[in-house]
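Fancy a few warm-up exercises on a protein fold? Have a look at the sequence and the model, try each task yourself, and then read the worked solution.

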Amino acid sequence: MPHLLHIDSSPRSDRSHTRGLTADFVQSWQVNHPNSTVTYRDIGRSPLPHVTEEWIAAAFTPPNERSQAMQDALRLSNELIDELLMADVIVAGIPFYNFGMPSGFKAYIDQIVRIGRTFLFNPDNEESPYTPLIHGKRMIAVISRGDSGYGSGGRNEKNNHLDPHLRTVFRFIGVTDLEIIAAENDEHGGAALVNSLESARRNILRLAAEDQPQKGDLAPLTRTRRSTKSQLIPDGRQG
Ligand SMILES: Cc1cc2nc3c(=O)[nH]c(=O)nc-3n(C[C@H](O)[C@H](O)[C@H](O)COP(=O)(O)O)c2cc1C
């Protein structure tokens with residue numbers, strides 16, 4: 001039974017284009033996959049907390065050595081990661097803010113990219129110290145931008161820091177099957193906006209009709225129990 005994780009991250013409600021497009025995807029996906037399950041996470045209306053000093057200390061402490069306070073600090077992160085691991089397909093609505101992602105979606109990424117849960121670190125392997133722990137998932141990122149020309153060859157392509165960031169960070173944890181669908185022209189409006197939304201919607205309905213992976217890869221859940229020192233050595237980015 002395929003499982004879809006639906007994430008919205010726009011702070012806007014009815015006026016949000018990404019919300020409208022992800023809703024179209026979910027509706028069509030359910031028609032095409034009648035026995036499916038959908039989990040919904042609205043991080044636009046219910047923002048996630050940023051990671052804290054306690055969170056970072058807990059994440060880099062082996063699971064069997066964590067205090068109750070450390071376990072509490074990671075509770076939401078564990079919930080979000082479990083939710084991600086359960087999904088076969090992820091559709092995420094992401095507004096384009098200041099040439100990148102909104103802070104709400106970045107907070108989500110910081111909660112789910114976690115040593116020992118979604119990637120491993122082994123400093124002894126100099127060629128390839130990081131190992132992704134997620135496999136077999138498809139992700140569809142649904143983006144809306146105010147201006148236009150951020151796509152390949154466009155006048156704003158060099159200012160599009162969102163697409164490359166998404167590809168890098170999700171590839172880092174093993175989500176390599178990433179489709180990016182973007183609407184543009186929210187700030188220009190008129191026919192340019194309508195045409196762009198229609199084009200995005202067509203692509204979304206095409207993707208929603210495709211066969212999806214049937215099974216989430218749950219192997220990482222067992223691997224998290226291993227906590228050798230090398231896997232938990234911080235990568236130098238945390239304080
Ligand atoms: C804080 C903020 C920053 C934005 N920055 C950009 C930007 O850098 N480039 C752009 O083309 N549009 C920008 N926009 C416009 C949004 O990308 C656009 O309104 C989009 O439709 C938002 O997604 P939503 O409709 O799902 O809320 C910005 C909007 C806001 C509120």
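**Exercise 1. Asn 98: buried or exposed, and where does Asn 98 sit along the chain?**

Step 1. Keep in mind that this is a predicted model. Count the C-beta atoms around Asn 98: there are 10 others within 10 Å. A residue with 12 or fewer counts as exposed, so Asn 98 is exposed.

Step 2. Now find the place of Asn 98 in the chain. That is the loop between β3 (89-95) and α5 (103-112).

Step 3. Check the backbone. Most residues other than glycine have a negative phi. Asn 98 isn't a glycine, yet its phi is positive, about 45 degrees.

**Exercise 2. Phi of Asn 185 is positive too; find the loop of Asn 185 and work out whether Asn 185 is buried or exposed.**

Step 1. Phi of Asn 185 is near 80 degrees, and here again the residue is something other than glycine.

Step 2. The loop in question runs between β7 and α7.

Step 3. Asn 185 has 21 C-beta neighbours inside 10 Å, so it counts as buried. The cut-off you need for this step is 20 or more.

**Exercise 3. Work out which residues of α7 are buried and how they are arranged around the helix.**

Step 1. Get the helix on the table. α7 covers residues 190-209, which is 20 residues, and spans 29 Å from its first C-alpha to its last. That's close to the 28 Å expected at 1.5 Å a residue.

Step 2. Pick out the buried residues of α7: Ser 196, Ala 200, Ile 204 and Ala 208.

Step 3. Look down the axis of α7. The buried residues fall within an arc of 110 degrees, so they line one face of the helix. A general rule helps here: an α-helix has 3.6 residues a turn, so residues three or four places apart point the same way.

Step 4. Ask what that face meets. The buried residues of α7 pack against α1, β6 (138-144) and β7 (177-183).

Step 5. Turn to the other side of α7. Ala 191, Val 194, Glu 198, Arg 202, Arg 206 and Ala 209 are exposed there.

**Exercise 4. Find out what Ala 209 touches beyond its neighbours within four places in sequence.**

Step 1. Place the residue: Ala 209 is part of helix α7. With 12 other C-beta atoms within 10 Å, Ala 209 is exposed.

Step 2. Search for contacts, skipping neighbours within four places in sequence. You should end up with Ser 28 and Asn 32.

Step 3. Compare sequence and space for Ala 209 and His 33. They are 176 residues apart in sequence, but their C-alpha atoms are 8.2 Å apart.

**Exercise 5. Which residues of α5 are buried, and what covers them?**

Step 1. List the buried residues of α5: Gly 104, Phe 105, Tyr 108 and Gln 111.

Step 2. Check their directions. They cover an arc of only 115 degrees around the axis, which puts them on the same side of α5.

Step 3. See what lies over them. The cover includes α4 (75-86) and β3.

**Exercise 6. Describe the surroundings of Ala 141.**

Step 1. Ala 141 lies in strand β6. It has 24 C-beta neighbours inside 10 Å, so it counts as buried.

Step 2. Leave out residues up to four places away in sequence. Ala 141 then touches Ala 92, Ile 94, Leu 166, Leu 178 and Ile 180.

Step 3. Try one distance as well. Val 91 is 50 residues from Ala 141 along the chain, with 5.9 Å between their C-alpha atoms.

**Exercise 7. What does the UniProt entry say about Ser 10, and which residues surround the ligand?**

Step 1. Start with the record. An unreviewed UniProt entry carries the annotation "binding site" at Ser 10.

Step 2. Locate Ser 10: the loop between β1 (3-8) and α1 (17-32). With 24 C-beta neighbours inside 10 Å, Ser 10 counts as buried.

Step 3. Check its contacts beyond four places in sequence. Among them are Thr 18, Arg 19 and Pro 95.

Step 4. Now look at the ligand. 17 residues surround it, and the closest are Thr 18, Pro 95, Ser 144, Gly 146 and Asp 147.

Step 5. Sort the shell by class: four nonpolar, seven polar and six charged residues. The largest share of the shell, three residues, comes from α1.

How values were computed:
Residues are numbered from 1 along each chain as its sequence is written. This is a predicted model: local features need pLDDT of at least 70, side-chain atom pairs count only at pLDDT 80 or more; totals for chains, interfaces and linings use all residues. UniProt positions are given in the numbering used here, feature names are shortened, and annotations may be inferred rather than shown by experiment. Helices (H or I, at least four residues) and strands (E, at least two) are DSSP runs, numbered from the N terminus. Two residues are in contact if their C-beta atoms, placed from the backbone, lie within 7 Å. The expected span of a helix is 1.5 Å times one less than its number of residues. The arc is that of the directions from the helix axis to the C-beta atoms. A residue is near a molecule or strand if its C-beta atom, placed from the backbone, lies within 6 Å of it. Ala, Val, Leu, Ile, Met, Phe, Trp, Tyr, Cys and Pro count as nonpolar, Asp, Glu, Lys and Arg as charged, and the others, Gly among them, as polar.
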